[in-house]
Amino acid sequence: ELTPPQYVQERFSFTIPESVTGFARTQAEEWRKFLAASAAPTERSGGQTDAIILGPRKGDRVKGVVQIVGKADAADLIAYRVEYGLGDPPLGWSLIIRSEQRQAGGGLALWNTDGLPSGTYSLRVVMETKDHGELYSNTITVVVGDVPAGRRTPTPRPGSGPPTPIPTFEFEDGNF
């Protein structure tokens, strides 16, 4: 349950309880081979991720130039990007910075929020690696500007702003 979503893979597995022994175990192992099923993993995740935003924190109110602190560190790193989008979830993402330098912990980017309408924004860090392609970190939300009590956060509408939506694909029965 602590594994970051970009590392989660769904696989068919066949687990044989330790209590199954003898002939029954042999038969169960044959079925596992016949079904081409692997054994279920037994390791637990420590919840560590190679790409994460540590600051600002979820729900923080920010204004002006904001320092985004975190980590984007992998041995096979090509680059990382820090992006923002209006809303939760946003309709699209705008680039804050793209860097080819590994960041083991510290400043990822400076985000100038001057000129942005007040409201809820999502922030994310995306790593591009040789072995895994794009890996998304957790996304956090912050409130930009002063939002008076009772005022609604602007809701993004398709075509209402400069960000271009990132296409998503849904898988059903192995097809998309």
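This note goes through a predicted model point by point, from its helix to its aromatic rings, cis peptide bonds and salt bridges.

1. Helix α1 covers residues 22-34, and its 13 residues reach 19 Å from the first C-alpha to the last, which is close to the 18 Å expected at 1.5 Å a residue. Just after α1, A36 takes a positive phi of about 55°.

2. Within α1, E29 forms a salt bridge with R25, and the closest N and O atoms of the two are 3.5 Å apart. Because E29 and R25 stand 4 residues apart in helix α1, about one helical turn separates them. E29 counts as partly exposed at 30% relative accessibility, and R25 is likewise partly exposed, with a relative accessible area of 21%.

3. The structure holds 4 aromatic pairs. In one of them, the rings of Y84 and W111 have their centres 5.2 Å apart and their planes at 35°, so the pair is tilted, as the angle is neither under 30 degrees nor over 60. This pair links distant parts of the chain, with Y84 in strand β4 (residues 77-86) and W111 in strand β6 (residues 103-112), 27 residues apart.

4. W111 also pairs with Y121, and here the ring centres are 6.1 Å apart with the planes at 70°, so the arrangement is edge-to-face. The partners lie 10 residues apart, W111 in strand β6 and Y121 in strand β7 (residues 119-129). Y84, W111 and Y121 together form one aromatic cluster. Both Y84 and W111 are buried, the relative accessible area of W111 being 2%, and Y121 is buried with a value of 2%.

5. Two peptide bonds deserve a look when the loops are inspected. The bond from G55 to P56 is cis, with omega near 0°, and P56 is found in the loop between β1 (51-55) and β2 (61-62). The bond from D88 to P89 is also cis, with omega near 0°, and P89 lies in the loop between β4 and β5 (94-99).

6. The count of salt bridges comes to 7. R81 forms one with E83, the closest N and O atoms being 2.8 Å apart, and another with E128, where the closest N and O atoms are 3.0 Å apart. Since E128 lies in strand β7 and R81 in strand β4, the latter pair ties together parts that are 47 residues apart in sequence. Salt bridges that share partners join R81, E83, R98, E100, R124 and E128 into one network.

7. As for burial in this network, R81 is buried with a relative accessible area of 12%, and E83 counts as buried at 6% relative accessibility. E128 is buried, as is R81.

Key: Residues numbered from 1 in each chain as written. Predicted model: local features only at pLDDT ≥ 70, side-chain atom pairs only at ≥ 80, totals over all residues. Heavy atoms only, no water. Expected span 1.5 Å × (residues − 1). Phe/Tyr/Trp six-rings, centres within 6.5 Å; stacked < 30°, edge-to-face > 60°. Buried < 20%, exposed > 50% of the residue type's maximum accessible area, 1.4 Å probe, protein only. Salt bridge = Lys/Arg side-chain N within 4 Å of Asp/Glu carboxyl O.
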